[in-house]
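Ready for a walk through a protein, one selection at a time? Open your viewer, keep the selection box handy, and follow along.

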Amino acid sequence: MLRTFDYERIPIVEVVNEILLDSVKRNASDIHFEPYDNFLKVRIRIDGELADYAEVPNSLRRNLLTRIKIISGMNITETRLPQDGAIKTVLKGVTFDLRVSSLPTNLGEKIAIRILDYTMSLKGLEYLGFSESNYKKMMDMIKTPNGIILVTGATGTGKSTTVYALLQKLNTPTRNIVTVEDPIEMELESINQVQVNSEIGLTFANCLRSILRQDPDIIMIGEIRDTETAKIAVRASITGHLVLSTLHTNNALNTIERLLDMEVERYLLASALTGIVSQKLARRLCDKCKKMRAPNEYEKDIFKTVLGIDVTAIPTAGSCENCGNGYKGRIAIHEVLKINEEIRDAISAGIKKEDLRELVYKGDVTTLLQDGLQKVLNGFTTLEEVLKLIEFDEETVEQQKERIKESNLKIAIADSLRKELPEKEDKIMADDQPEILEI
């Protein structure tokens, strides 16, 4: 149900404050102010999904957008060009850390506000939903004295949260940690943070060159966006520094390919890459109303094919006053690849993508799909959420089933031949004649 405000009695300043306060209390991640012909629609994103929140009359649209631009430090007279701003304040005891973006559209200005919440980062790496095996690999990776660790995923999948949690683990009095970010999303004590400013030439690449002369132990790059930044980051990691960064890719294999597309030399990438953490966010089931249901045949096949187990019940969403739609919050699904010598040699040798895929996923790597399905069995999310987030790259479940059937058939044939072999050998000895065994 849309929320209504008494615009005749309540000042526009109070309306904006109430929208911000209510959105934060509802654990929203974004607020959208979208122009329509007859009104300005306000929508908020909760647990990854947008929902209508309010409609503001056109007579008040300009005043409301101007108020947002004023408190975020934007130019209120500029409506033809995109602008970026930020809001950091405390209102009624609630701390706000917001990123604001304006965009000119054919119907007028659209403003989007990102609500930053790094309470999970402050809690620590242990609270980010890593499985026991993935957490152990993460701890092993950050113990290496040099190399590059990449956290990858789409926009809004919690990459920065994971990176900040890693920095919290690494932040000790004996280390000099420097970050270069655009923007600085969370201020960390005793860590030197640099804000990129491309307008004056302070780019990621230029910052990195200067940071390397600041005697750093650990470098965090907010995002690898271009070839120059990628090359400097990789070279920094092989000269005795531990480098953390993020990249917009879907999984570990795509990350390796993207860096090669950025013209990073194979031999450098092979020696520099320490690990890749790919992640997505799924809606978390409400603990108060979640229930169990029987899976259908297709769903049973998925669990049997991917995890090798038979399931008789899986969790599903309910509904209660605590959540409204059966979900409350989100949980991360991870794929953690720790680079070993075999993978390093393969990257350096430039083997085919298909061979590299088999090499990457044949070891102890838990794929995004496997981790997601395990979280379903643990009652954290639903199968529908996992299948909505994770695509089957080149092999569908049906193709995997056919492959397993073929493998089982070959095993059955081999077993049958082994049983027949002694009888055929006895016949050869009796006839004293050679016989060709067709296997």
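Start with glutamate 181, which sits in strand E8, residues 177-181. Bear in mind throughout that you are looking at a predicted model.

**Stop 1: glutamate 181**

Show the side chain of glutamate 181 as sticks. This residue is buried and yet has no salt bridge. Which side chain of opposite charge is nearest to glutamate 181? Select arginine 99, and you will find it 7.8 Å away, while a salt bridge needs nitrogen and oxygen within 4 Å.

Polar partners are there, though. The side chain of glutamate 181 makes a polar contact of 2.7 Å with the side chain of threonine 179. Another polar contact, at 3.0 Å, goes to the side chain of glutamine 193. Now bring up the surroundings: leaving out residues up to four places away in sequence, glutamate 181 touches Tyr164, Gln193, Val194, Gln195, Val196, Phe204, Met220 and Gly222.

**Stop 2: helix H6**

Phe204 from that list takes you to the next selection, helix H6, residues 204-211. Colour its buried residues, which are Phe204, Ala205, Cys207, Leu208 and Ile211. Then turn the view to look down the axis of H6: the buried residues fall within an arc of 160°, so they line one face of the helix. A general point helps here: an α-helix has 3.6 residues a turn, so residues three or four places apart point the same way.

What do the buried residues of H6 pack against? Select strand E8 again, then strand E9 (192-195), strand E10 (218-221) and helix H7 (227-237).

**Stop 3: the cysteines**

While you have H6 on screen, pick cysteine 207, which is buried at 5% relative accessibility. Next, jump to cysteine 286, also a buried residue, with a relative accessibility of 1%. How far is the sulfur of cysteine 286 from the closest cysteine sulfur? Draw a distance to cysteine 320 and you should read 3.8 Å, which is too far for a bond because a disulfide needs the two sulfurs within 2.5 Å. The count of disulfides in the model is zero.

**Stop 4: salt bridges**

Salt bridges are another matter, with a count of 32. Begin with aspartate 22 and arginine 3, whose side chains meet at 3.0 Å, N to O. This pair links distant parts of the chain: aspartate 22 belongs to helix H1 (residues 12-25), arginine 3 lies in the segment before H1, and the two are 19 residues apart. Aspartate 22 is buried, with a relative accessible area of 13%, whereas arginine 3 is partly exposed at 27%. Add Glu18 and Arg26 to the selection, and you have a network of salt bridges linking Arg3, Glu18, Asp22 and Arg26.

Two further pairs are worth a click:

- Arginine 225 and glutamate 223 form a salt bridge, with their closest N and O atoms 3.4 Å apart. Arginine 225 is partly exposed at 42%, and glutamate 223 is buried at 19%.
- Aspartate 287 and lysine 290 meet in a salt bridge at 3.5 Å, N to O. Aspartate 287 is exposed at 61%, and lysine 290 is partly exposed at 33%.

**Stop 5: glutamate 78**

Now select glutamate 78, in the loop between helix H2 (58-71) and strand E4 (83-91). Is glutamate 78 buried or exposed? At 16% relative accessibility, glutamate 78 counts as buried. Its side chain reaches the backbone nitrogen of leucine 81 at 3.3 Å. Setting aside neighbours within four places in sequence, glutamate 78 is in contact with Lys69, Gln83 and Glu109.

**Stop 6: helix H13**

Move on to helix H13, residues 368-377, which is mostly covered, with seven of its 10 residues buried. Highlight Leu368, Leu369, Asp371, Gly372, Leu373, Lys375 and Val376 to see the buried ones. Their cover includes helix H4 (132-142), strand E12 (273-285), helix H10 (297-306), strand E14 (314-316), strand E15 (327-338) and helix H14 (383-389). Just after H13, stop at glycine 379, which takes a positive phi of about 85°.

**Last stop: the whole chain**

Finally, zoom out and switch to cartoon. The protein has 15 helices and 15 strands, and 44% of its 439 residues count as buried. Of the contacts with a separation of 6 or more, 63% are between residues 24 or more positions apart.

Methods
Residues are numbered from 1 along each chain as its sequence is written. This is a predicted model: local features need pLDDT of at least 70, side-chain atom pairs count only at pLDDT 80 or more; totals for chains, interfaces and linings use all residues. Side-chain values use heavy atoms; hydrogens and water are left out. Buried means under 20% relative accessible area, exposed over 50%, partly exposed in between (1.4 Å probe, protein chains only). Helices (H or I, at least four residues) and strands (E, at least two) are DSSP runs, numbered from the N terminus. Lys and Arg count as positive and Asp and Glu as negative; His and the chain ends are not counted. A polar contact is a pair of N or O atoms within 3.5 Å; within protein, one must be able to donate a hydrogen and the other to accept it, and residues adjacent in sequence count only if both atoms are side-chain atoms. Contact means heavy atoms within 4.5 Å. The arc is that of the directions from the helix axis to the C-beta atoms.
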